[in-house]
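Subject: Structure handover

Hello,

Here is the structure you are taking over. My notes on what was found in it follow below the model.

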Amino acid sequence: MKRILSVLLALCLLVPMAASAEVIGRLNQEIATRTGPGTHYTEPGAFLGRGAEVRVISKVYDANVDIWWVQVEFRDGYDMIRAYTGSWRMNVNLDYVPEERRLEDCYLTQDADAFAGPGINYLLWNDTVHSGTKATLYAVENGYGQIECWNMHKQDTWRVWVDLDCLSCGSKYAGVGSSLYQPGMPEYYKYLPAVPYGGITPTCGNRNSIMWVQQCLRSLGYGKLAVDGNWGNQTASAVREFKLDYGFGSDGYQVSYDAVCKMLDMFYKRDLPLRYLEHYLPE
(Lines give C-alpha, C1' and ligand atoms only; values in the text may rest on other atoms or scores of the structure.)
Protein backbone atom coordinates (compact mmCIF):
# COMPACT_ATOMS: atom_id res chain seq x y z
CA MET A 1 0.00 0.00 0.00
CA LYS A 2 2.82 2.40 0.88
CA ARG A 3 4.47 1.63 -2.45
CA ILE A 4 1.24 2.47 -4.34
CA LEU A 5 0.83 5.75 -2.46
CA SER A 6 4.44 6.68 -3.21
CA VAL A 7 3.89 6.04 -6.94
CA LEU A 8 0.69 8.11 -6.96
CA LEU A 9 2.43 10.98 -5.17
CA ALA A 10 5.29 10.91 -7.67
CA LEU A 11 2.83 10.99 -10.57
CA CYS A 12 1.03 13.97 -9.05
CA LEU A 13 4.29 15.87 -8.77
CA LEU A 14 5.05 15.19 -12.43
CA VAL A 15 1.72 16.56 -13.68
CA PRO A 16 1.97 20.33 -14.35
CA MET A 17 -0.47 22.57 -12.60
CA ALA A 18 -3.13 24.09 -14.85
CA ALA A 19 -2.58 27.75 -15.59
CA SER A 20 -4.96 30.22 -14.00
CA ALA A 21 -7.71 31.68 -16.18
CA GLU A 22 -6.53 35.14 -15.16
CA VAL A 23 -3.56 36.76 -13.44
CA ILE A 24 -4.16 37.38 -9.74
CA GLY A 25 -1.91 39.39 -7.45
CA ARG A 26 -1.88 39.09 -3.66
CA LEU A 27 -1.14 42.37 -1.91
CA ASN A 28 1.79 42.57 0.49
CA GLN A 29 0.69 46.04 1.67
CA GLU A 30 -2.16 48.51 1.33
CA ILE A 31 -2.73 49.41 -2.32
CA ALA A 32 -2.10 53.09 -3.14
CA THR A 33 -3.42 53.87 -6.61
CA ARG A 34 -3.16 56.26 -9.56
CA THR A 35 -5.42 56.54 -12.60
CA GLY A 36 -2.35 55.97 -14.80
CA PRO A 37 1.10 54.35 -14.62
CA GLY A 38 3.05 57.03 -12.77
CA THR A 39 3.04 59.48 -9.87
CA HIS A 40 2.02 62.37 -12.14
CA TYR A 41 -1.46 60.90 -12.66
CA THR A 42 -4.55 61.68 -10.57
CA GLU A 43 -4.53 59.79 -7.27
CA PRO A 44 -7.86 58.08 -6.45
CA GLY A 45 -6.72 56.94 -3.01
CA ALA A 46 -5.65 53.85 -1.06
CA PHE A 47 -7.75 50.68 -1.02
CA LEU A 48 -7.81 47.13 0.36
CA GLY A 49 -5.06 45.78 2.60
CA ARG A 50 -2.33 43.22 2.95
CA GLY A 51 -3.41 39.75 1.80
CA ALA A 52 -6.24 40.96 -0.46
CA GLU A 53 -6.32 39.72 -4.06
CA VAL A 54 -6.69 41.85 -7.20
CA ARG A 55 -6.98 40.98 -10.87
CA VAL A 56 -3.87 42.15 -12.75
CA ILE A 57 -4.76 43.33 -16.27
CA SER A 58 -1.68 44.95 -17.81
CA LYS A 59 1.77 46.36 -17.08
CA VAL A 60 3.73 49.49 -18.05
CA TYR A 61 7.47 49.98 -17.61
CA ASP A 62 8.63 53.31 -16.16
CA ALA A 63 12.20 53.75 -17.43
CA ASN A 64 12.73 56.91 -15.36
CA VAL A 65 12.66 55.00 -12.10
CA ASP A 66 13.16 51.45 -13.42
CA ILE A 67 9.88 49.99 -12.12
CA TRP A 68 6.79 48.25 -13.49
CA TRP A 69 3.34 49.69 -12.90
CA VAL A 70 0.36 47.36 -13.17
CA GLN A 71 -3.28 48.02 -13.94
CA VAL A 72 -5.46 46.15 -11.46
CA GLU A 73 -9.16 45.56 -10.97
CA PHE A 74 -10.91 45.22 -7.63
CA ARG A 75 -14.20 45.91 -5.90
CA ASP A 76 -14.70 48.78 -3.48
CA GLY A 77 -18.10 48.46 -1.86
CA TYR A 78 -20.66 48.26 -4.68
CA ASP A 79 -18.31 49.60 -7.35
CA MET A 80 -15.70 47.96 -9.54
CA ILE A 81 -12.48 49.95 -10.04
CA ARG A 82 -9.53 49.70 -12.41
CA ALA A 83 -6.48 51.66 -11.34
CA TYR A 84 -2.68 51.54 -11.41
CA THR A 85 -0.24 50.72 -8.66
CA GLY A 86 3.39 49.68 -8.30
CA SER A 87 4.01 46.00 -8.94
CA TRP A 88 6.12 45.85 -5.76
CA ARG A 89 2.94 46.16 -3.71
CA MET A 90 1.91 42.59 -4.56
CA ASN A 91 3.13 39.10 -5.28
CA VAL A 92 2.57 38.52 -9.00
CA ASN A 93 4.46 36.94 -11.89
CA LEU A 94 4.82 39.78 -14.41
CA ASP A 95 5.81 37.32 -17.16
CA TYR A 96 2.12 36.49 -17.54
CA VAL A 97 0.91 40.10 -17.56
CA PRO A 98 0.54 41.75 -21.02
CA GLU A 99 2.31 45.02 -21.68
CA GLU A 100 0.13 47.95 -22.70
CA ARG A 101 0.14 49.50 -26.16
CA ARG A 102 -0.72 52.99 -27.28
CA LEU A 103 -3.40 52.82 -29.99
CA GLU A 104 -3.74 56.39 -31.33
CA ASP A 105 -4.40 60.05 -30.60
CA CYS A 106 -7.96 61.33 -30.76
CA TYR A 107 -10.28 63.92 -29.21
CA LEU A 108 -13.68 64.09 -27.53
CA THR A 109 -16.55 64.91 -29.90
CA GLN A 110 -18.96 65.49 -26.99
CA ASP A 111 -18.91 65.64 -23.20
CA ALA A 112 -18.42 62.18 -21.70
CA ASP A 113 -18.88 60.56 -18.31
CA ALA A 114 -15.59 59.25 -16.93
CA PHE A 115 -15.65 55.72 -15.53
CA ALA A 116 -13.02 53.73 -13.62
CA GLY A 117 -13.46 50.82 -16.02
CA PRO A 118 -15.17 49.72 -19.25
CA GLY A 119 -18.83 49.97 -18.29
CA ILE A 120 -21.48 51.51 -16.08
CA ASN A 121 -20.85 48.88 -13.39
CA TYR A 122 -17.54 50.62 -12.68
CA LEU A 123 -17.12 53.64 -10.43
CA LEU A 124 -18.26 56.90 -12.05
CA TRP A 125 -15.75 59.68 -11.39
CA ASN A 126 -17.16 63.08 -10.42
CA ASP A 127 -15.42 64.89 -13.28
CA THR A 128 -16.60 65.04 -16.90
CA VAL A 129 -14.30 64.81 -19.92
CA HIS A 130 -15.35 67.79 -22.05
CA SER A 131 -15.90 67.98 -25.78
CA GLY A 132 -12.75 68.97 -27.68
CA THR A 133 -10.36 67.46 -25.11
CA LYS A 134 -7.31 65.92 -26.77
CA ALA A 135 -6.66 62.34 -25.69
CA THR A 136 -4.63 59.20 -26.39
CA LEU A 137 -6.45 55.89 -26.68
CA TYR A 138 -4.87 52.85 -24.99
CA ALA A 139 -7.50 50.12 -24.87
CA VAL A 140 -10.98 49.21 -26.10
CA GLU A 141 -13.37 46.93 -24.28
CA ASN A 142 -17.14 46.49 -24.05
CA GLY A 143 -17.90 49.58 -26.16
CA TYR A 144 -15.65 51.82 -24.04
CA GLY A 145 -12.20 53.27 -24.66
CA GLN A 146 -9.48 53.88 -22.10
CA ILE A 147 -8.04 57.34 -22.75
CA GLU A 148 -5.30 59.50 -21.28
CA CYS A 149 -5.97 63.23 -21.15
CA TRP A 150 -5.67 66.36 -19.06
CA ASN A 151 -7.93 66.57 -16.01
CA MET A 152 -9.11 70.20 -16.01
CA HIS A 153 -10.54 69.99 -12.48
CA LYS A 154 -7.52 68.37 -10.81
CA GLN A 155 -4.98 70.06 -13.10
CA ASP A 156 -3.10 66.85 -13.77
CA THR A 157 -3.13 63.87 -16.17
CA TRP A 158 -5.51 60.96 -15.79
CA ARG A 159 -6.66 57.80 -17.53
CA VAL A 160 -10.36 57.06 -17.62
CA TRP A 161 -12.86 55.02 -19.63
CA VAL A 162 -15.42 56.75 -21.85
CA ASP A 163 -18.08 55.61 -24.30
CA LEU A 164 -16.56 55.04 -27.76
CA ASP A 165 -19.34 57.13 -29.30
CA CYS A 166 -17.77 60.17 -27.64
CA LEU A 167 -14.38 59.72 -29.36
CA SER A 168 -13.33 61.01 -32.77
CA CYS A 169 -11.82 57.60 -33.55
CA GLY A 170 -14.63 55.62 -31.93
CA SER A 171 -16.26 54.43 -35.15
CA LYS A 172 -13.03 52.66 -36.14
CA TYR A 173 -13.18 50.53 -33.00
CA ALA A 174 -16.92 49.96 -33.16
CA GLY A 175 -15.98 47.07 -35.47
CA VAL A 176 -15.38 45.06 -32.32
CA GLY A 177 -19.02 44.06 -32.62
CA SER A 178 -19.45 43.73 -36.39
CA SER A 179 -18.59 41.15 -39.04
CA LEU A 180 -15.38 41.44 -41.08
CA TYR A 181 -16.72 39.34 -43.96
CA GLN A 182 -16.94 41.12 -47.30
CA PRO A 183 -18.14 39.93 -50.74
CA GLY A 184 -15.30 38.29 -52.68
CA MET A 185 -13.77 36.67 -49.60
CA PRO A 186 -13.75 32.86 -49.29
CA GLU A 187 -17.14 31.63 -48.12
CA TYR A 188 -15.73 30.25 -44.89
CA TYR A 189 -14.54 33.77 -43.95
CA LYS A 190 -18.10 34.31 -42.76
CA TYR A 191 -16.77 32.62 -39.63
CA LEU A 192 -14.31 35.42 -38.88
CA PRO A 193 -14.67 36.94 -35.41
CA ALA A 194 -14.85 40.64 -34.59
CA VAL A 195 -11.29 42.00 -34.74
CA PRO A 196 -10.75 45.55 -33.43
CA TYR A 197 -8.21 47.91 -34.91
CA GLY A 198 -4.86 46.78 -33.49
CA GLY A 199 -5.91 43.14 -33.14
CA ILE A 200 -7.50 41.04 -30.42
CA THR A 201 -5.79 41.52 -27.05
CA PRO A 202 -6.82 41.01 -23.40
CA THR A 203 -7.92 44.68 -23.27
CA CYS A 204 -8.88 45.34 -26.91
CA GLY A 205 -11.59 42.99 -28.08
CA ASN A 206 -14.82 41.58 -26.74
CA ARG A 207 -15.29 38.33 -24.85
CA ASN A 208 -16.62 36.46 -27.90
CA SER A 209 -13.52 37.38 -29.94
CA ILE A 210 -11.23 35.97 -27.25
CA MET A 211 -13.36 32.82 -27.00
CA TRP A 212 -13.16 32.45 -30.80
CA VAL A 213 -9.35 32.52 -30.59
CA GLN A 214 -9.39 30.01 -27.73
CA GLN A 215 -11.71 27.62 -29.58
CA CYS A 216 -9.64 27.90 -32.76
CA LEU A 217 -6.35 27.20 -30.98
CA ARG A 218 -7.87 24.36 -28.99
CA SER A 219 -9.20 22.71 -32.16
CA LEU A 220 -5.86 23.20 -33.93
CA GLY A 221 -4.06 21.31 -31.17
CA TYR A 222 -2.49 24.14 -29.16
CA GLY A 223 -3.55 22.74 -25.80
CA LYS A 224 -6.80 21.94 -24.02
CA LEU A 225 -7.72 25.59 -23.52
CA ALA A 226 -10.72 26.66 -21.48
CA VAL A 227 -13.00 28.57 -23.85
CA ASP A 228 -14.03 31.15 -21.27
CA GLY A 229 -12.94 34.57 -22.59
CA ASN A 230 -10.22 34.94 -19.95
CA TRP A 231 -6.77 35.55 -21.42
CA GLY A 232 -4.79 33.52 -18.92
CA ASN A 233 -1.40 31.84 -19.00
CA GLN A 234 -2.49 28.90 -21.17
CA THR A 235 -4.08 31.19 -23.77
CA ALA A 236 -0.97 33.38 -23.90
CA SER A 237 1.24 30.31 -24.33
CA ALA A 238 -0.97 28.94 -27.13
CA VAL A 239 -1.08 32.30 -28.94
CA ARG A 240 2.71 32.61 -28.69
CA GLU A 241 3.22 29.07 -30.07
CA PHE A 242 0.84 29.63 -32.99
CA LYS A 243 2.45 32.95 -33.91
CA LEU A 244 5.92 31.42 -33.83
CA ASP A 245 4.75 28.56 -36.06
CA TYR A 246 3.43 30.93 -38.73
CA GLY A 247 5.82 33.86 -38.50
CA PHE A 248 3.68 36.36 -36.61
CA GLY A 249 6.20 37.09 -33.85
CA SER A 250 6.36 35.78 -30.28
CA ASP A 251 3.97 38.00 -28.30
CA GLY A 252 1.35 35.92 -26.52
CA TYR A 253 -0.99 38.83 -25.86
CA GLN A 254 -1.99 40.09 -29.32
CA VAL A 255 -3.62 38.41 -32.34
CA SER A 256 -3.58 40.58 -35.46
CA TYR A 257 -6.18 40.45 -38.23
CA ASP A 258 -3.71 38.54 -40.44
CA ALA A 259 -3.08 36.00 -37.66
CA VAL A 260 -6.83 35.56 -37.17
CA CYS A 261 -7.24 34.87 -40.91
CA LYS A 262 -4.41 32.31 -40.76
CA MET A 263 -6.11 30.57 -37.84
CA LEU A 264 -9.33 30.32 -39.83
CA ASP A 265 -7.45 29.17 -42.95
CA MET A 266 -5.80 26.34 -41.00
CA PHE A 267 -9.10 25.48 -39.32
CA TYR A 268 -10.73 25.13 -42.77
CA LYS A 269 -7.81 23.26 -44.40
CA ARG A 270 -7.86 20.65 -41.63
CA ASP A 271 -11.58 20.14 -42.29
CA LEU A 272 -12.51 21.00 -38.72
CA PRO A 273 -16.24 21.68 -38.07
CA LEU A 274 -16.88 25.39 -38.62
CA ARG A 275 -19.95 25.10 -36.40
CA TYR A 276 -17.54 25.07 -33.45
CA LEU A 277 -16.99 28.80 -34.09
CA GLU A 278 -20.62 29.84 -34.61
CA HIS A 279 -21.28 30.73 -30.98
CA TYR A 280 -18.52 33.37 -30.94
CA LEU A 281 -19.39 35.33 -34.09
CA PRO A 282 -20.62 38.96 -34.12
CA GLU A 283 -24.40 39.28 -34.11
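In helix α3, the buried residues are Ser209, Ile210, Met211, Trp212, Val213, Gln214, Gln215, Cys216 and Leu217. Please keep in mind that this is a predicted model. The buried residues of α3 pack against two other helices, α4 and α5. The helix has 13 residues, and at 1.5 Å a residue they should span 18 Å; the end C-alpha atoms of α3 are 18 Å apart, so the two values agree. After α3 comes Gly221, which has a positive phi near 95 degrees.

One residue of α3 is worth a separate look: Ser219 is found in this helix. Which residues does Ser219 touch, not counting those up to four places away in sequence? They are Phe267, Leu272 and Tyr276. Ser219 and Leu272 are 53 residues apart in sequence, while their C-alpha atoms are 7.5 Å apart in space.

Helix α4 covers residues 233-245. Its 13 residues should also span 18 Å at 1.5 Å a residue, and its end C-alpha atoms are 18 Å apart, which agrees. Buried in α4 are Asn233, Thr235, Ala236, Ala238, Val239, Phe242 and Lys243. An α-helix has 3.6 residues a turn, so residues three or four places apart point the same way. The cover over the buried residues of α4 includes α3 (207-219) and α5 (257-269). Gly247 follows α4, and its phi is positive, near 75 degrees.

Now the strands. An open sheet is formed by 5 strands in the order β6-β5-β4-β1-β7, with antiparallel pairing. The edges are held by β6 (79-86) and β7 (90-91); each has a single partner strand, so one side of each is left without a neighbour in the sheet. Inside this order, β4 (residues 53-62) and β5 (residues 67-76) run antiparallel and are joined by 7 bridges. Val56 stands opposite Val72 of β5.

The loop between β6 and β7 holds Ser87. Is Ser87 buried or exposed? Its relative accessible area is 15%, and buried means under 20%, so Ser87 is buried. Leaving out residues up to four places away in sequence, Ser87 touches Trp68, Val70 and Leu94.

Another antiparallel pair is β12 (residues 144-151) with β13, joined by 8 bridges. In this pair, Gln146 stands opposite Trp161 of β13. The hairpin of β12 and β13 has 4 residues between the strands, and Gln155 in the hairpin takes a positive phi near 60 degrees. Strand β13 is mostly covered, with 7 of its 8 residues buried.

A search of the whole structure for cavities of 30 Å³ or more finds 1. How much space lies in the largest cavity? About 60 Å³. The residues that line the largest cavity are Thr35, Gln71, Arg82, Ala83, Tyr84, Phe115, Ala116, Trp125, Gln146, Arg159, Val160 and Trp161. The elements that give two or more residues to this lining are β6 and β13 (156-163). By type, the lining of the largest cavity divides into 7 nonpolar, 3 polar and 2 charged residues. Gln146 and Trp161, the opposite residues in the pair of β12 and β13, are both among the lining residues.

A second loop residue to look at is Thr133, which lies between β10 (124-129) and β11 (134-141). Thr133 has a relative accessible area of 17%; the cut-off for buried is under 20%, so Thr133 counts as buried. Setting aside neighbours within four places in sequence, Thr133 is in contact with Cys106, Tyr107, Leu108 and Cys149.

Last, the totals for the chain. There are 5 helices and 13 strands. Of the 283 residues in the chain, 49% are buried. Among contacts between residues at least 6 apart in sequence, 55% join residues at least 24 apart.

Regards

Notes
Residues numbered from 1 in each chain as written. Predicted model: local features only at pLDDT ≥ 70, side-chain atom pairs only at ≥ 80, totals over all residues. Heavy atoms only, no water. Expected span 1.5 Å × (residues − 1). Buried < 20%, exposed > 50% of the residue type's maximum accessible area, 1.4 Å probe, protein only. Contact = heavy atoms within 4.5 Å. Pairing = 2+ DSSP bridges. 1 Å grid on protein atoms, 1.4 Å probe; cavity = no way out; pocket = protein on both sides within 12 Å on 5 of 7 lines; lining within 4 Å. Points joined across faces, edges and corners; volume = space filled by probe spheres on them. Nonpolar A, V, L, I, M, F, W, Y, C, P; charged D, E, K, R; others polar.
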